[in-house]
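Let's take a walk through this one together, starting with the overall numbers and then zooming in on a few spots. Have the viewer open so you can click along.

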Amino acid sequence: MASQTVEEGESDDDGPIARRTREAIRNPDDAYQFLFYVVTAFFLVTTLFPFYWLLVLALTPGDRMTNVGLVPNGFNPYSFVEMFQRLPFHVYMFNSIVIALTTTVIVLLVASFAGYAFGRLEFRGKTALLLVLLAISYFPPAAFIIPLFQFFTGNVELLTLPAVGTISSPNWFNTPGAMVTPFSALFLPLSIFILTTFYSQIPDGLEDAARVEGATRIGALFRVIIPLSAPGVATAGVLTFIGVYNEFFISFLMTDGQAQNWAPIVWGVVNYQGQYQAFYNLMAAASIVGVLPVVILVVVAQERIVSGLTAGALKE
C-alpha cells in the first residue's frame, strides 16, 4: 500500500485557504509583495477611474449622453474647445489660482512665526494651545457657512459708538477677501503643526551662530531655520494650495457665480448646467482641465512633499 508523506501540522483535508495561509507563513516576503500589488491596484482603480469616466463623458457628443458605458458614445474632442467658448472658464481658473496662492502666502507667513514659537520657544500653555489649534482644523467647513455669510455680507453689528453709530462687519461679497480670510483660518492649524515639527529639529547651535553674527530672531528664522526646513515649508504650501483650490462650500457661497466677480473654478463647472439643459460633456471637460494645475504642481513638487512628510515624522 502506497504511503503519502504529509508535513507535520498539515492534512490532506485542508482547504485552499489553510494551504495559502501556511504558504504565507513560510514565505512572508511573497505575501507582502502580493498584498502590495493588491493595494496598489485597488488604489489606482479607485483613484484613476473617476478621471477616466470624466474623459468618457467629455468625448461623448452632447446629444448621445444617455446610456453611456465604459467607452464614449462617439468621439467629440471639440468639447475641450466649446467649454471656453460657452463660458470664460480660464477666468474661473485664474481666480482660483490667485485665491489659492494668496492664501498659501498668508498661511506660510503666519505659520512660520507660530511654528517658530511652538517649536523653539518655551512658554506656559504651549502644548494646550497647540492641541486647540489642531482641534480647530478638524471642524467641518460646512459648520461655518451661515456665520461666515452673515459676517462677510455686512449683517453683523460689531460695535455701536455714540458719535459714529453702528459699525458693522465688512461687506466683502464677490471679493477675494471673503474667501481668503476663512481659508487662511481653516488651513493655518495644519501648516503650524507641520512647521512646528520641522523647526523643532533645527539644532540650537545654528540659530545661536546666526544670533552671534548679529541676526535677530526674525532674521535667524528667515535666513537659517526656514531654508533648512525647506521640505516642510514646501509640504505645508502645497497642501494649503491644493486644499484651497479644491474647496467647495465657502467658494460657492461667497460669490454670485460671475467670473468677473472672482467666482472660483467650482462656479465655472456648475455654470454649464442651465435651467433646462445640463451640458455634462462640457462639465466633464471643464473638470479635467481644472484639475491640471494641481496635477502639475504635485508632479513638480512630489519629491519635496514625500521628503517633507517623511522627515517631519522623524525626530533627529
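First, the surface: the chain exposes about 19100 Å², with carbon and sulfur atoms supplying 67% of that area. Keep in mind that this is a predicted model. The chain has 316 residues, and 36% of them are buried. As for secondary structure, you'll find 13 helices and 2 strands. If you take the contacts between residues at least 6 apart in sequence, 66% of them join residues at least 24 apart.

Now for the empty space. Rolling a probe the size of a water molecule over the atoms shows where empty space is left. How many cavities of 30 Å³ or more turn up? The count is 1, and the largest cavity has a volume of about 50 Å³. Its lining consists of Ser-96, Ile-99, Phe-183, Val-244, Tyr-245, Glu-247, Ser-251, Pro-264, Ile-265 and Val-266. Helix H4 (89-120), helix H10 (230-246) and H12 are the elements that give two or more residues to this lining. Sorted by class, the lining of the largest cavity comes out as 7 nonpolar, 2 polar and 1 charged residues.

Next, the open kind of space. The largest pocket holds about 210 Å³. Select Tyr-245, Asn-246, Glu-247, Phe-248, Ile-265, Val-266, Val-269, Ala-286, Ser-287, Gly-290 and Val-291, and you have the lining of the largest pocket on screen. Some of these names should ring a bell: Tyr-245, Glu-247, Ile-265 and Val-266 line the largest cavity and also line the largest pocket. Which helices each supply at least two residues to the lining of the largest pocket? They are H10, H12 and helix H13 (280-311), and H13 gives the most, with 4 residues. By class, the pocket lining splits into 7 nonpolar, 3 polar and 1 charged.

Phe-248, one of the pocket-lining residues, is a handy way into the aromatic side of things. There are 14 aromatic pairs in this model. Before following Phe-248, look at helix H2 (residues 28-59), where Phe-49 and Tyr-52 sit 3 residues apart, about one turn of the helix. Their rings form a tilted pair, 6.3 Å centre to centre with 40° between the planes. Are these two buried or exposed, or somewhere in between? Phe-49 has a relative accessible area of 40%, so it counts as partly exposed. Tyr-52, at 36% relative accessibility, is partly exposed as well. Back to Phe-248, whose ring pairs with that of Phe-252: the centres are 5.4 Å apart and the planes meet at 20°, so this pair is stacked. Phe-248 is partly exposed at 38% relative accessible area, and Phe-252 is partly exposed at 30%. The pairing goes further, too, since ring pairs link Phe-248, Phe-249, Phe-252 and Trp-267 into a cluster.

Time for some backbone. Asn-174 is not a glycine, yet its phi is positive, at about 65°. You'll find Asn-174 in the loop between strand S2 (165-168) and helix H7 (177-199). With a relative accessible area of 19%, Asn-174 is buried, because the cut-off for buried is under 20%. Where else does a residue other than glycine have a positive phi? Trp-262 is one, with phi near 65°. Trp-262 lies in the loop between helix H11 (249-253) and helix H12 (265-270). At 27% relative accessibility, Trp-262 counts as partly exposed.

Trp-262 also leads to our last stop, Asn-95. Asn-95 is placed in helix H4, one of the helices that give two or more residues to the lining of the largest cavity. Is Asn-95 buried or exposed? Its relative accessibility is 3%, so Asn-95 counts as buried. Leaving aside residues up to four places away in sequence, Asn-95 touches Ala-259, Trp-262, Ala-263 and Pro-264. Two of those you've already met: Trp-262 has the positive phi, and Pro-264 is part of the lining of the largest cavity.

Definitions and conventions
Residues numbered from 1 in each chain as written. Predicted model: local features only at pLDDT ≥ 70, side-chain atom pairs only at ≥ 80, totals over all residues. Heavy atoms only, no water. Buried < 20%, exposed > 50% of the residue type's maximum accessible area, 1.4 Å probe, protein only. Contact = heavy atoms within 4.5 Å. Areas by Shrake-Rupley, 256 points an atom, 1.4 Å probe, with all protein chains shown as cover. 1 Å grid on protein atoms, 1.4 Å probe; cavity = no way out; pocket = protein on both sides within 12 Å on 5 of 7 lines; lining within 4 Å. Points joined across faces, edges and corners; volume = space filled by probe spheres on them. Nonpolar A, V, L, I, M, F, W, Y, C, P; charged D, E, K, R; others polar. Phe/Tyr/Trp six-rings, centres within 6.5 Å; stacked < 30°, edge-to-face > 60°.
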